[in-house]
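I opened my notebook for a new structure today. Here is what I looked up, in the order I went through it.

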Amino acid sequence: MTAPAPRPLLIVDAANVVGSVPDGWWRDRAGAATRLRDAIAPLAADGLPGLPGPLDVVLVVEGAARDVPGVAGVRVHAAPRSGDDAIVDLVRQETVARPVLVVATADRELRERVGELGARIIGPRSLPYP
């Protein structure tokens, strides 16, 4: 019996995505990350246009949002230092095993770094947030 193919992986740069919406997120970074987490949870089952579900979804948080817990459909990865470095490390670890790996960010440097590792990039507006 053949093992099932691994699900596509969507990694979301929480700081960058919440920072793309000027809604006062800086006053409550953990609250903004929690709202993003809840907004993207349905993507695990439903997917995105051009990226059908089911997906594995990882939300990378840092700083004041580091204590946001995961929920069904979204694994939260608390970056020990830089969120960008944590995302690059995740991409590096997962690229070999995943047929599809997508990173949601608008950060130019991060887009370049993960693109060189084979990740596909989507912008924050591709996500259902806010």
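These entries go from the whole chain down to a few paired strands.

**Entry 1, the model.** I noted at the outset that this is a predicted model.

**Entry 2, the layout.** I counted five helices and seven strands in the protein. Reading along the sequence, I wrote the pattern down as β-α-α-α-β-β-β-β-α-β-α-β.

**Entry 3, overall dimensions.** I asked what radius of gyration the protein has. I found 14 Å, which agrees with a compact globule, because one with 130 residues would come out near 14 Å. Along the principal axes, I boxed the C-alpha atoms in roughly 50 × 30 × 25 Å.

**Entry 4, inside and outside.** I looked up burial next: of the 130 residues, 44% are buried. For the surface, I got about 6,900 Å² exposed, with carbon and sulfur atoms supplying 53% of it. Among contacts between residues at least 6 apart in sequence, I saw that 59% join residues at least 24 apart.

**Entry 5, charges.** I took the mean positions of the 15 positive and 16 negative charges, and they lie 2 Å apart.

**Entry 6, around β4.** Is strand β4 mostly covered or mostly open? I found it mostly covered, with five of the six residues in 56-61 buried. I then checked its pairings. Strand β1 (residues 9-13) runs parallel to β4, and five bridges join them. Strand β5 (residues 75-78) also pairs with β4 in the parallel sense, over four bridges.

**Entry 7, one residue in β4.** I followed Val58 in both directions: Val58 is the bridge partner of Ile11, and in β5 its bridge partner is Arg75.

Definitions and conventions: Residues numbered from 1 in each chain as written. Predicted model: local features only at pLDDT ≥ 70, side-chain atom pairs only at ≥ 80, totals over all residues. Heavy atoms only, no water. Helix = DSSP H or I, 4+ residues; strand = E, 2+ residues; numbered from the N terminus. Rg over C-alpha atoms; globule rule 2.2 N^0.38 Å. Buried < 20%, exposed > 50% of the residue type's maximum accessible area, 1.4 Å probe, protein only. Contact = heavy atoms within 4.5 Å. Areas by Shrake-Rupley, 256 points an atom, 1.4 Å probe, with all protein chains shown as cover. Lys, Arg positive; Asp, Glu negative; His and termini not counted. Charge placed at Lys NZ, Arg CZ, Asp CG, Glu CD. Pairing = 2+ DSSP bridges.
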